[in-house]
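Here is a friendly walk through one protein model, written for someone who likes to know the cut-offs behind the words. Please have the viewer open as you read.

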Amino acid sequence: MQCGFNTPHKLIILPYLLTNVIPKKNRLNKEKDIEYVLKKGQIKFSPILNIKYLPAETKVSRFCIIISKKISLKAVVRNRSKRQISASLQDLIENIKKPVDVVILTKPAITITEQKDIQDTLDKTLRKAQII
């Protein structure tokens with residue numbers, strides 16, 4: 001396949017990009033499941049994000065990250081925040097005691113928060129909810 005400047009186009013997959021993805025088995029992606037957690041779930045608050053959670057009916061914990069356009073109109077900013085939260089979840093998924101469905105709702109402060117602070121806040125919030 002050729003680009004406009006007569007240079008061969010190659011698809012490069014960077015391994016670090018694939019590590020920030022929540023594993024497929026741990027994704028809460030059906031709309032009815034997300035709505036059920038949002039409607040019936042318990043909530044825990046923190047300065048940069050809130051979590052709503054319910055005990056899972058499945059054998060694995062599932063997560064969903066919701067970042068509204070109210071956070072930022074720029075998709076680049078929203079996607080960056082989502083990747084940071086996903087990367088933080090990678091380390092915490094193994095420590096979960098019982099299967100739960102978790103919806104992570106972000107606040108505008110997430111866009112200016114560094115990765116380490118996001119990871120610490122997510123860890124504290126999940127501990128407060130007694131998930132880990």
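The report goes from the overall fold to a helix pair, then to the nonpolar cores and a few single residues.

This is a predicted model, in which local features need pLDDT of at least 70 and side-chain atom pairs count only at pLDDT 80 or more, while totals for chains, interfaces and linings use all residues. Residues are numbered from 1 along each chain as its sequence is written, and side-chain values use heavy atoms, with hydrogens and water left out.

**Overall fold**

The protein chain has four helices and four strands, where helices (H or I, at least four residues) and strands (E, at least two) are DSSP runs numbered from the N terminus. Their order, starting at the N terminus, is α-α-β-β-β-α-β-α. Of the 132 residues, 39% are buried; buried means under 20% relative accessible area, exposed over 50%, and partly exposed in between (1.4 Å probe, protein chains only). Among contacts with a separation of 6 or more, 78% join residues 24 or more positions apart. Contact here means heavy atoms within 4.5 Å.

**Helices H3 and H4**

How do the axes of H3 and H4 cross? Helix H3 (residues 75–92) and helix H4 (residues 115–128) have axes that come within 9 Å and cross at roughly 50°. The axes are lines fitted to C-alpha atoms, for helices over the stretch in contact, and angles run from 0 to 180 degrees between N-to-C directions. H3 and H4 are therefore oblique to each other; angles under 35 degrees count as roughly parallel, over 145 as roughly antiparallel, 65 to 115 as roughly perpendicular and the rest as oblique.

On the H3 side, the contact is made by Gln84, Ile85, Ala87, Ser88, Leu89, Asp91 and Leu92, and on the H4 side by Gln115, Ile118, Gln119, Leu122, Asp123 and Leu126.

**Nonpolar cores**

A nonpolar core is a set of buried Ala, Val, Leu, Ile, Met, Phe, Trp, Tyr and Cys residues joined through side-chain atoms within 4.5 Å. The largest one has 24 residues, of which Ile51, Ile85, Leu89, Val102, Ile104, Leu122 and Ile131 touch the most other members. Strand E2 (49–55), strand E3 (62–66), H3, strand E4 (100–106) and H4 each supply at least two residues of this core. Apart from it lies another core of six residues, including Leu28, Val37, Cys64 and Val103.

Leu89 illustrates the larger core: beyond its neighbours within four places in sequence, Leu89 is in contact with Ile22, Phe63, Ile65, Ile104 and Leu122. Leu122, in helix H4, is in contact with Leu49, Ile85, Ser88, Leu89, Leu92 and Ile104, on the same basis of leaving aside neighbours within four places.

In the other core, Leu28 sits in the loop between helix H1 (15–18) and helix H2 (31–40). Not counting residues up to four places away in sequence, Leu28 touches Asp33, Ile34, Val37, Arg62, Phe63, Cys64, Asp101, Val102 and Val103.

Two pairs bring distant parts of the sequence together:

| Pair | Apart in sequence | C-alpha to C-alpha |
|---|---|---|
| Leu122 and Ser46 | 76 residues | 8.4 Å |
| Leu28 and Cys64 | 36 residues | 5.1 Å |

Leu122 is buried, with a relative accessible area of 0%, and Leu28 is buried at 3%.

**A backbone detail**

Most residues other than glycine have a negative phi. Gln130, which is not a glycine, has a positive phi of about 60°. Gln130 is in the segment after H4 and counts as exposed, at 63% relative accessibility.
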